[in-house]
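Visitor: Pick one part of this structure and take me through it slowly, then show me how the rest looks from there.

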Amino acid sequence: MPALEFHEVNKTYRTGGTDIVALDHANLTVDDDEIVALLGPSGSGKTTLLSIAGGLLTPTNGAVHVGGNDITSYSAKELTQFRARSVGFVFQTVNLVPFLTARENLLVVARITGLPSKTAARRADTLLKELGLDHRAQNLPTQLSGGERQRVAIGRALMNEPELVLFDEPTSALDTSLGEQVMELIRKEVKGRETASVIVTHDTRMTAHADRTIHIVDGRLDAGAAQPA
Amino acid sequence: MRLAMRELIRRPARFVSAAGPLTLLVLLMLFLGWLLDGLFLGSTGAIRAHGADGFVFSADARESLLRSSVDEGDLNAIAAVDGVESVSGIGVSLLGAEVPGEDDVANVVVAGYQLAGGVLPEPPAPGTAWADRQFNALGAGIGDVVLVGPAATPIEIVGWVDDTNYLLLNTLWVDPETWREIQNANRPDAIVAPGEFQVAAVTTVDGIDEAAVRSAIDATLGTETLTEQEAVLAIPGVPEQNATIGAVIYATAVVVALVVGLFFALITLERTGIYALLKAIGVHNRSLAVGLVTQALLVALVAFIAGGAFGLFLGSVMPAEVPLELSVGRAVFVLIAVAVAAVAGSLASLRRIVRIDPASAIGAGV
Ligand SMILES: Nc1ncnc2c1ncn2[C@@H]1O[C@H](COP(=O)(O)OP(=O)(O)OP(=O)(O)O)[C@@H](O)[C@H]1O
Ligand SMILES: [Mg+2]
């Protein structure tokens, strides 16, 4: 079963008098352990697509299935639960809870879903180690470098072993070599967990780490985006 | 909720701006409460001291102890009413006195009574008194002689009783004859006849309908019989004291709610980003609300502890003349009032939190 399916999804932002079409009849299928790179210029609708897939925005119309479930029919409360259990989200601008340490920023996710604290602690420590953050676990976000914060955000997205992880320009704040490193890391983490993922980028060099690259321009996806590799 | 606690621990400084004013408000509420209790107890002890089920006032007294008058015949008639167990005549005189340990002439109450009851033992020997322990606090001791009234009638203190004062004046409890002698020697304008008292304290036999007995007394004698509660509230100034200070205490509680409300409204505004993020990663509104209320309660608790400690300290260094009653009950009342006000104040921010869009965490979406 595909991890993510968009079927004729439209998203129109209504601001003042004008309508901005951010997604235009988007059709997309991502298989359950596939890494898809979403490539497109600024303003093309990448963040909008991720937000809809992650249950943060509702489409104007069309169907969105995650793990076979139609999330467009979810209530606000069900969406909250969906975000906690089924998706991991790495935001375009790093967004950590400022008064929690790196490790606690991971654990907070586990608390939401009621993961037993021993299991949660083990998983957080494993992730931090894999992300090369074990020596920074007790630091607050302000004490971390940009790359380290980015990696904490990635760890948080993976913490609940979601079926789908969404990365919104995870390397934009990083220099090329660090960006490559982070992409490597994402690939390793995601593949090791058999999790599907969509990685937004506008840097073509990063697409080498994905199984498939899909382009988006003015809210329109490649014609073949609905056919998984 | 864990998150809320973490924030409190990691960023205590930001909560000081709420806890500071709340501490002072708690102090104010506690102090007013303790003062109110002290005033109330100091004003009403002479009524409550008897442990009576009713107080019989003459009809023309309009519930005033000093205007009331009952004579021996009345006492006998009351005792004969069905359900009455005991009747003790009571008379009080408000007089100036020279009290050992005090430089100025003090105002005191000399109260005559017939029977033991409540905190009062049997009346002492003529010319002696059980003195309220407040005299002791002011420096008087057993064996000291108080000279009361213009006639400087001597009364020797032979023992102590607690919480028996009237109108915030310290009371000397004497036998009926001594009281009449003192009254008549010092208040020629208000001579009492042999056997006369002002009111009668009545106890009823166990298990009987007390209200019915009080009605029966009034039906037989044409008197006005009050419960202890009613008699206490008939003391001049007591209901006014309760109402005035009570109103200030409740107004302070409202200010607590406003301070907490304002503080958390500001903090919620400041935390919009964090709330959006938490919602985006799947935290329910309910958990955020629980966290908010938890923080409000903890801030209130810290303020209560700080304000309480401060209040206890101030209370302990206050001179004995300030009628503070440092009661635990009042502290519990203030704690509950502050907690309720804090919850109410913090809940005012709830709507704002519910309306925060998780999508604002990613910068896209409205
Ligand atoms: N909340 C919003 N209200 C109105 N228009 C919006 C809103 N969010 C996005 N848009 C518009 O929708 C279009 C797609 O925006 P989106 O954020 O999805 O682009 P993007 O591909 O992520 O761009 P970038 O690479 O700059 O992050 C843009 O034209 C943008 O201006
Ligand atoms: Mg974007």
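Guide: Let's start with α5(A), which lies across β6 and β7 of chain A and runs at about 170° to β6(A). Helices (H or I, at least four residues) and strands (E, at least two) are DSSP runs numbered from the N terminus, and angles, from 0 to 180 degrees, are between N-to-C directions, with axes fitted to C-alpha atoms, for helices over the stretch in contact. This is a predicted model, with pLDDT of at least 70 needed for local features and 80 or more for side-chain atom pairs, while totals for chains, interfaces and linings use all residues. Residues count from 1 along each chain as written, chains are lettered from A and ligands numbered from 1 in written order, and side-chain values use heavy atoms, without hydrogens or water.

The sheet under α5(A) is an open one of six strands, ordered β6-β7-β8-β3-β9-β10 (chain A), with mixed pairing; two strands pair if DSSP finds at least two bridges between them. At its edges stand β6 and β10 (220–221) of chain A, each with a single partner strand, so one side of each has no neighbour in the sheet. Further in, β7 (residues 164–168) and β8 (residues 196–201) of chain A run parallel, paired over five bridges. Look there for A:L166, which sits opposite A:V198 of β8(A).

Now for what this corner encloses. α5 (146–158), along with α2 (76–85) and β6 (87–90) of chain A, gives at least two residues to the lining of the largest cavity. A cavity here is a set of points on a 1 Å grid over the protein atoms alone where a 1.4 Å probe fits but cannot get out, and lining residues have an atom within 4 Å of a point. Edge strand β6(A) supplies the largest share of that lining, three residues. Among the lining residues are A:V87, A:G88, A:F89, A:R156 and A:A157, and chain B joins in with B:A280 and B:I281. The volume is about 110 Å³, counted as the space filled by probe spheres set on points joined across faces, edges and corners. By class, the lining has seven nonpolar, three polar and two charged residues; Ala, Val, Leu, Ile, Met, Phe, Trp, Tyr, Cys and Pro count as nonpolar, Asp, Glu, Lys and Arg as charged, and the others, Gly among them, as polar.

A search of the whole structure turns up three cavities of 30 Å³ or more. The second largest holds about 40 Å³ of space, and its lining comes from chain B: B:A46, B:I47, B:H50, B:L65, B:I90, B:V92, B:W173 and B:V199. Two or more of these residues come from each of α2 (12–48) and β2 (84–98) of chain B. Seven of the lining residues are nonpolar and one is polar, with no charged ones.

That same α2(B) leads us to a helix pair. Its axis comes within 9 Å of that of α11 (residues 328–347) of chain B, crossing at roughly 140°. On the α2(B) side the contact (heavy atoms within 4.5 Å) includes B:M29, B:L30 and B:W34, and on the α11(B) side B:V334 and B:A337. The contact residues split into nine nonpolar, one polar and two charged. α11(B) also meets α8 (residues 238–270) of chain B, where the axes come within 7 Å and cross at roughly 40°. B:Y250 and B:F264 of α8(B) are among the residues touching α11(B), whose own contributors include B:F333 and B:G345. Here the tally is eleven nonpolar, three polar and one charged.

Back in chain A, compare the other sheet: four strands, open, ordered β2-β1-β4-β5 and antiparallel. β2 (18–30) and β5 (69–70) of chain A are the edge strands, each with a single partner, so one side of each is left without a neighbour in the sheet. β4 (residues 61–66) and β5 of chain A pair over two bridges, and A:H65 has A:D70 as its bridge partner in β5(A). This sheet carries a helix as well: α1 (residues 46–53) of chain A packs on it, touching β1 (4–15), β2 and β4 of chain A, at about 120° to the direction of β1(A).

Definitions and conventions. 1 Å grid on protein atoms, 1.4 Å probe; cavity = no way out; pocket = protein on both sides within 12 Å on 5 of 7 lines; lining within 4 Å.
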